Amino acid sequence: MSRLDRARGRLAPTILSLVVAAAIPRVVHAQDGVPSGAAGAKVVPGDPGTKPSAPIPPKVKTKVEPTYPPEKLAKGEKSAVKLMLSIDVAGKVVDAKVTESGGPEFDAAALEAAAKLQFEPATLDGKPIPAKIPYRFTFDFQDVPKPPAPEDVAKPAPKIAGFAGKVRTPVEEGLAGATVTIVGPEGETRSAMTDAGGGFAFDKLAPGKWKITIEALGFDKLAVEEELLEGKVISAVYRPRLSGGAIDIEVKGERPPREVTVHTLETQEITRIPGTNGDALRAVQNLPGVGRPPGLAGILIIRGSSPLESNIFVEGTLIPIAYHFGGLSAVVPSELIERIDFRPGNFGPEYGRVHGGIIEIGLRSPKKDKFHGLVQFDLIDGRFLAEGPLDSKTRFAVAGRRSWVDVWLGPVLRKAGAGVSTAPVYYDYQMMVERDVSPKTTARLTLYGSNDRLAITLNAPAASDPTLGGDISTTTGFWRLQGRVETRLTDDIKWTNTAAYGADFISFNLGDLAFRLDSTPISWRSDVRAKLAKDTTLIAGMDYLYATYDVKLKAPPPPEPGQTPGPYFARPSREISGTGALYRPALYWMLDISPIKGLKLLPGVRLDYFRDTSTWEIGPRFAARYDIVQGFPRTTLKGGAGIYHQPPQPQEAIAPFGTPGLAPSRATHYAVGFEQEFTKQLEVSVEGFYKQLQKLVGRDLSETTTTGGVTYNNNGDGRVFGAEVLLRYKPDARFFGWVAYTLSRAERRLRPEDPMTLFVFDQTHILTMIGSVKLGRGWQAGARFRYVTGRMNTPNLGGVYDYDAGAYAAIPEVPPFQSRLPAFHQLDVRIDKEWKFTSWTLSAYLDVLNVYYRRNPEGVSYNYNYTQQEVVSGLPILPVLGLRGEL
């Protein structure tokens, strides 16, 4: 007999057994929890030198009943799902694939149940072997009553109970995809996944006490106990807290779905974006609509607006800055941030007093399970965080950070030829205590603040103006003591009150020039969110701001019309000071209406009073979203329009610095766009926008005040228009990335008869490409590339000799800011390595900015008579190496 014949002889029993097994299918309903047969089982052969016996297919050891999708059960829909299960030698299901779909909801329920199945493993010659078997779940519960909505009360069959409910986010939106697990008095375990509206339902439950746990990505695990009564259906609404690790960065409006556009970045993306040092607020700079700030300026440029036309809030409280010196770090650490709402335009009526954009930072609750700690050091700063429970109802968090940029930045600038010696220092701090006053009321007291100090000694004065030599110093800081109480009056009404008191201070000294501003703001925000009907929610509240100020200025007066400014040292300085107060209350309301499935209408209005201009302003706003294709792959149309008002800056409208009687400027926002899902990971958002600006405050060039101030008027206008695209691959097991592109044009003029000219913060093209991949064994690597149109610049055409001053004065181009510096482009790379231990985690990272050492232009310097010029470059390559340990 040939070797081939002998092999065939040994395999014949195995093949025959598989054929016989395949010919005897055991098809049952899903509640029976039995596989549909062993056909197709793949086995690992035994020793070829021995006669093999027939493999024994896996047997179900632990039955699992899938959760009937609530919406399908309510409609009486039936289905069946066929799967191919991969079972390891321990009898555990390691993989499940749909071979015959029953629909997305049924498929998801079947896959969830399959993952919990336990088998006695397949065996060959008495030894466990891996196997693959087909399995079928049949959804055909004809004897099960229709599961009620949480608001309904139905009577199931005697001696059984029912349980239904909804899981909601902190802003009362349904939380889809959460896992609800219930354990009965006799140990029976059931589980379900919430539907698109956050709903779930269980039937045929034994009366008694059931333990309920709810788990969802980005939320803390919620555990409660419910008593189920015989013959009744208990309904409940649950609201798990956002976990400390998850940060939502959202665009335009309230968290979904109260917005025109929303982009949510997951924790993995936040902490791994190259070039941001893992900073949540710096991650915002990589989204569409955000311009690049000049040099080391830590300012926000949103859709071509001035930084003074956008506001930053922490839990509804206004703060003056978002970033420390140089924009290298945010004033609030990522470790304490729960969410970031980024609204580049068309924001809701909850916010006003600006017509640019809004960023709101939401702080998370301290952890209450046990004590946690964090320590991190890198070349930028060092930080710590400690948090945990004080008792069963009270928890705390303490954090702080201090920079040591001064250690290395001075040598870097000297090597780059900047001609300065520098010592910048910043620090920030946060202290929080939170207590559950009652099951429906939580109170929080938070103290946070920031301080930046920068002192620069110029090695040589400017050739054109000796006054600019010597010391330059600046200090910027703020602190807030904030109290916040959140009360749930009923399941459908939430009332939040936030009050804060604090101080803002800024000072600047350059030679003979000096400026200082001290302000004491007091704010109160009261917000009510009430569900009026099944498809209607009301958002209404009050937004109050009061602030005192004390300003001192020492500087030469502005030049008269047609007068050459000349060097500062040749112009006599004047000292101006002023004190006063600002009073700005506001009321707002908005409705969230869903008249038909997939359509969201958001009408609203805001009423503002500005004491410094003695005017009332009304700002109506409207936004809408419509899912023209619901489910996957979703297609959504979106649009919005609104009117926004901004009072003039205090130095513009208050004597002796400016002109009393100015009116607030006005902007009308328009936006329209769409969102399209391509795969579960890949999606695109496209939006076009237009802003019409009116009553802009500008200087009257014909006169100055006798006190050395400036005369202003409301004759200016302008416009901003463009388009934004975000193509995003959401994080999977190995990769995340996106491409963000903004095309825009910002134009303004001081008088209606003047032609429109480009605004100083105009940036035509903004392109950002980001990608990061997990390499395995705790390694991850990513890169970010940015390209931005060059900044606007006013070149000097030459110089004229000032005989009185004995120096040359520049002759600037007119009108100003109509030339550009060369384009900015830069590649950043980040590498992470993580080690996990029993009770703590250690990670190391290397974040390298400007990998190919691009000498990006940040400005132009001139020689003494303005006949020669040189481009001033930004920071060279900057590697940031850090270590981080977490408990």
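Hi everyone, let's start with a sheet: 3 strands come together in an open sheet with mixed pairing, in the order 11-8-14. Before I go on, please keep in mind that this is a predicted model. At the edges of the sheet sit strand 11, residues 199–205, and strand 14, residues 233–238, and each of them pairs on one side only. On average, neighbouring strands here are turned by 15° against each other, ignoring direction.

Let's look at one pairing in that sheet. Strand 8, which covers residues 161–167, runs parallel to strand 14, and 6 bridges join the two. If you'd like a spot to click on, try Gly162, whose bridge partner in strand 14 is Val233.

Now follow the chain a little further. Between strand 8 and strand 9, the latter being residues 179–183, there is a loop, and Gly174 is found in it. What does Gly174 touch, once we leave aside its neighbours within four places in sequence? The contacts are Val167, Ala196, Gly197 and Gly198. Take Gly197: in sequence it is 23 residues away from Gly174, yet in space their C-alpha atoms are 4.5 Å apart. As for accessibility, Gly174 is partly exposed, with a relative accessible area of 33%.

On to the next sheet. This one is also built from 3 strands and is open, with the order 3-2-7 and antiparallel pairing. Why is one side of strand 3 and of strand 7 left without a neighbour in the sheet? Strand 3 (93–100) and strand 7 (131–139) stand at the edges and have a single partner strand each, so there is nothing in the sheet on their other side. The average turn between neighbouring strands in this sheet is 30°, direction ignored.

Strand 2, residues 79–87, is joined to strand 3 by 6 bridges, and the two run antiparallel. One pair to look for is Leu83 with its bridge partner Val98 in strand 3. There is a helix to add to this picture: helix 3, residues 104–114, lies across strand 2, strand 3 and strand 7, and runs at about 35° to strand 2.

Let's turn to charges. Searching the whole structure gives 50 salt bridges, and I've picked a few to show you.

My first pick is Arg395 with Asp436, whose side chains meet at 2.8 Å, N to O. This pair links distant parts of the chain, since Arg395 is in strand 24 (residues 394–403) and Asp436 is in strand 26 (residues 425–438), 41 residues apart. Are these two buried or exposed? Arg395 is buried, at 1% relative accessible area, and Asp436 counts as buried too, at 17%.

My next pick is Asp592 with Lys600, a salt bridge whose closest N and O atoms are 3.3 Å apart. Asp592 is buried, with a relative accessible area of 2%, and Lys600 is buried at 15%.

Then we have Arg791 and Glu858, with side chains meeting in a salt bridge at 3.9 Å, N to O. Here again distant parts of the chain are linked: Arg791 is in the loop between strand 42 (779–788) and strand 43 (792–793), while Glu858 is in strand 49 (residues 857–862), 67 residues apart. Arg791 is partly exposed, with a relative accessible area of 25%, whereas Glu858 is buried at 14%.

One last stop: salt bridges with shared partners join Glu315, Arg395, Glu434, Asp436, Arg444 and Arg484 into one network. You'll recognise Arg395 and Asp436 there, the pair that meets at 2.8 Å. Thanks for listening!

Methods
Residues numbered from 1 in each chain as written. Predicted model: local features only at pLDDT ≥ 70, side-chain atom pairs only at ≥ 80, totals over all residues. Heavy atoms only, no water. Pairing = 2+ DSSP bridges. Helix = DSSP H or I, 4+ residues; strand = E, 2+ residues; numbered from the N terminus. Axes fitted to C-alpha atoms, helices over the stretch in contact; angles between N-to-C directions. Buried < 20%, exposed > 50% of the residue type's maximum accessible area, 1.4 Å probe, protein only. Contact = heavy atoms within 4.5 Å. Salt bridge = Lys/Arg side-chain N within 4 Å of Asp/Glu carboxyl O.
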